[in-house]
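Open the model in your viewer, switch to a cartoon view and keep the selection panel at hand. We will take one stop at a time.

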Amino acid sequence: MDYDLLLVQVRGLLEDESDFIANAANFASFVANELPDLNWAGFYFAQPNGDLLLGPFWGKPACTRLAAGRGVCGIAFTSSRTVVVDDVHEFADHIACDTASQSEIVVPVRDDGGVYGVFDIDSPMKARFSDEDRAGIERLVEAFTASVRSRATAN
């Protein structure tokens with residue numbers, strides 16, 4: 001996968017829009033349409049009580065609210081690190097929103113104040129996400145957060 005090209009494309013997609021939700025929606029759709037073998041891609045954003053609330057996404061309807069620290073998303077959020085799961089059925093605390101999902105990657109979404117959400121991607125294939133995918137997807141998420149940060153400081 002050419003993540004350098006995807007990075008240029010996603011920056012171009014987000015650069016002229018100032019609305020956070022519109023950029024998050026387009027980002028999720030972009031990732032889902034550009035990366036092969038996915039069945040879900042989207043955001044969960046932190047709430048004051050620590051729960052993660054569903055944000056813009058691409059795919060089947062999803063779990064709306066995830067309890068603080070639970071599941072792959074909760075662990076990525078509380079640990080502030082990317083979590084890759086090759087087989088979700090072997091992950092003890094996996095929360096199944098789509099039974100077709102076999103593997104998952106969750107990347108923390110952060111700004112200068114810390115982690116404020118996660119970007120979650122599911123695949124119907126086991127072991128779908130390589131180290132190259134992890135690094136590339138982290139760069140894409142950083143481009144998303146940079147576009148949001150630049151809007152906040154420019155306005």
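What volume does the largest cavity have? About 170 Å³, in a model that, please keep in mind, is predicted. Searching the whole structure turns up 1 cavity of 30 Å³ or more.

**Stop 1: the cavity**

Select Ile95, Cys97, Glu104, Asp120 and Asp122: among the 15 residues lining the largest cavity, these are the closest to its centre. Now colour the lining by class, and you should get 9 nonpolar, 2 polar and 4 charged residues. Which elements each supply at least two residues of this lining? They are β1, α3 and β6. The one that gives the most is α3, with 3 residues, and that makes a good place to go next.

**Stop 2: helix α3**

Select residues 71–79 to pick out helix α3. Show the side chains of Val72, Cys73, Ala76 and Phe77, which are among the buried residues of this helix; Gly71 and Gly74 are buried too. What do the buried residues of α3 pack against? Bring up β1 (40–46), β2 (52–59), β3 (65–66), β4 (83–85), β5 (103–111) and β6 (114–123), and you have their packing partners.

Zoom in on Gly71, which lies in α3. Gly71 counts as buried because its relative accessibility is 1%, and the cut-off for buried is under 20%. Draw a distance from its C-alpha atom to that of Ala92: the two are separated by 8.4 Å, although they sit 21 residues apart along the chain. Then step past the end of the helix to Ser80, which follows α3 and has a positive phi, near 60°.

**Stop 3: the sheet**

Select the strands together. The 6 strands form an open sheet in the order β3-β2-β1-β6-β5-β4, with antiparallel pairing. At the edges are β3 and β4, each pairing on one side only.

Walk across part of the sheet, strand by strand:

- β1 and β6 run antiparallel and are joined by 6 bridges. Select Ala41 to find its bridge partner in β6, Ile121.
- β6 and β5 are also antiparallel, joined by 9 bridges. Here Val109 has Gly117 in β6 as its bridge partner. Follow the chain between these two strands and you will see a hairpin, with 2 residues between β5 and β6.
- β5 and β4 pair in the antiparallel sense over 3 bridges. Select Val83, whose bridge partner in β5 is Val106.

Before leaving, colour β5 by accessibility. Is this strand mostly covered or mostly open? Mostly covered: 7 of its 9 residues are buried.

As you turn the sheet, a general point may help: in a regular strand the side chains alternate between the two faces of the sheet.

**Stop 4: Ser147 in helix α4**

For the last stop, select residues 131–154, which make up helix α4, and find Ser147 within it. Is Ser147 buried or exposed? Ser147 counts as buried because its relative accessibility is 9%, with the cut-off set at under 20%.

Show the backbone of Phe144 as well. Its oxygen lies 2.8 Å from a polar atom of the Ser147 side chain. In general, residues three or four places apart in an α-helix point the same way, because there are 3.6 residues a turn. Finally, add Leu14 and Asn23 to the view: Ser147 touches both, leaving aside residues up to four places away in sequence.

Note on methods: Residues numbered from 1 in each chain as written. Predicted model: local features only at pLDDT ≥ 70, side-chain atom pairs only at ≥ 80, totals over all residues. Heavy atoms only, no water. Helix = DSSP H or I, 4+ residues; strand = E, 2+ residues; numbered from the N terminus. Buried < 20%, exposed > 50% of the residue type's maximum accessible area, 1.4 Å probe, protein only. Polar contact = N/O pair within 3.5 Å; in protein donor to acceptor, adjacent residues only side chain to side chain. Contact = heavy atoms within 4.5 Å. 1 Å grid on protein atoms, 1.4 Å probe; cavity = no way out; pocket = protein on both sides within 12 Å on 5 of 7 lines; lining within 4 Å. Points joined across faces, edges and corners; volume = space filled by probe spheres on them. Nonpolar A, V, L, I, M, F, W, Y, C, P; charged D, E, K, R; others polar. Pairing = 2+ DSSP bridges.
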